[in-house]
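Here's a quick tour for anyone meeting this model for the first time. Take a look at it, then read on.

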Amino acid sequence: MNADPSPRGRGHEEGWGGASDAGPAHRSAAAVRRVSSAQSAPQVVLVWRAMASFRLALIQLQISSIKSDNVTRACSFIREAATQGAKIVSLPECFNSPYGTKYFPEYAEKIPGESTQKLSEVAKECSIYLIGGSIPEEDAGKLYNTCAVFGPDGTLLAKYRKIHLFDIDVPGKITFQESKTLSPGDSFCTFDTPYCRVGLGICYDMRFAELAQIYAQRGCQLLVYPGAFNLTTGPAHWELLQRGRAVDNQVYVATASPARDDKASYVAWGHSTVVNPWGEVLAKAGTEEAIVYSDIDLKKLAEIRQQIPVFRQKRSDLYAVEMKKP
């Protein structure tokens with residue numbers, strides 16, 4: 001795949017900015033819905049000249065207990081997505097490891113480390129922006145659920161540590177405590193591309209509307225959540241939350257899940273999805289391993305924000321969602 005001639009994006013764990021967003025896709029690696037190009041949408045914070053459209057790919061990977069196999073297969077799917085024109089590619093949560101508190105210490109790595117080095121290399125090889133799902137990260141004796149993002153030259157653009165840990169208890173259905181082994185992050189994370197500014201969350205983060213609102217304030221038009229909902233929360237809330245975040249903030253929302261493995265100790269819901277700012281589900285995978293492609297159309301977002309101008313209509317004299325730290 002040829003290198004994109006546009007300037008390399010910049011990663012942010014702090015700061016402000018604005019850019020573009022995400023659009024239509026399909027249900028696995030079959031027919032891709034193509035969308036007309038358009039002008040860049042108005043920004044909430046900053047404005048720059050962004051490219052009118054781009055292709056997003058979500059890789060719904062089947063995760064095994066063999067880390068090296070997971071990494072090798074992920075890189076293979078990344079290459080396939082690049083050959084289909086994807087400019088931004090996302091892996092799922094815990095793409096190199098089974099999901100579970102007993103697995104996090106065993107599979108944890110430094111960043112940079114073994115798995116992220118491979119991601120850096122394949123991002124450079126394919127000249128894409130790569131959202132590395134997440135991996136268990138070890139740093140200074142603590143473990144984190146961490147997403148690393150790489151640019152088309154292989155540079156580490158951003159690193160996001162999940163800030164809301166998945167601690168729930170639904171009697172008779174599921175009890176899980178990430179906090180038994182993981183520590184929470186304490187920073188927001190956005191990164192810039194020639195196409196748009198992207199905001200990152202991981203799985204349970206999607207339940208917290210304030211995070212998405214802050215990302216919208218910072219100019220994000222695409223929010224990406226690598227995530228692994230389960231067979232209790234998945235059918236109830238997976239799509240609902242994505243549509244809510246998309247409509248409330250007039251952004252595109254994309255989620256990348258592992259494929260379902262009914263024999264795993266934690267069974268992921270699957271159904272990697274793309275939702276547009278109108279709340280329409282534009283793409284949804286099934287439960288099997290798949291690549292979902294989405295051609296991102298900025299005109300659609302601009303039209304929605306013009307037709308329903310909620311950002312201009314907010315009553316900042318009565319309420320506000322604000323960051324407690326930069």
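## Cysteines and a helix

There are 0 disulfides here, a disulfide being a pair of cysteine sulfur atoms within 2.5 Å. The table shows how two of the cysteines sit, where buried means under 20% relative accessible area and exposed over 50% (partly exposed in between; 1.4 Å probe, protein chains only).

| Cysteine | Closest cysteine sulfur | Relative accessible area |
|---|---|---|
| Cys75 | Cys126, 8.6 Å | 6%, buried |
| Cys94 | Cys203, 9.1 Å | 2%, buried |

For Cys75, that gap is too far for a bond.

A word on the source: this is a predicted model, where local features need pLDDT of at least 70 and side-chain atom pairs count only at pLDDT 80 or more, while totals for chains, interfaces and linings use all residues. Residues are numbered from 1 along each chain as its sequence is written, and side-chain values use heavy atoms, with hydrogens and water left out.

Zooming out, the chain has 7 helices and 16 strands (DSSP runs, H or I of at least four residues for helices, E of at least two for strands, numbered from the N terminus). Of its 326 residues, 58% are buried.

Now for helix α6, residues 298-307: which of its residues are buried? They are Leu298, Leu301, Ala302, Ile304 and Arg305. These residues share one side of α6, because they span an arc of only 165 degrees around the axis (taken from the directions from the helix axis to the C-beta atoms). They pack against α5, β13, β16 and α7, with contact meaning heavy atoms within 4.5 Å. Gln306 and Gln307 are exposed, on the face turned away from the buried side.
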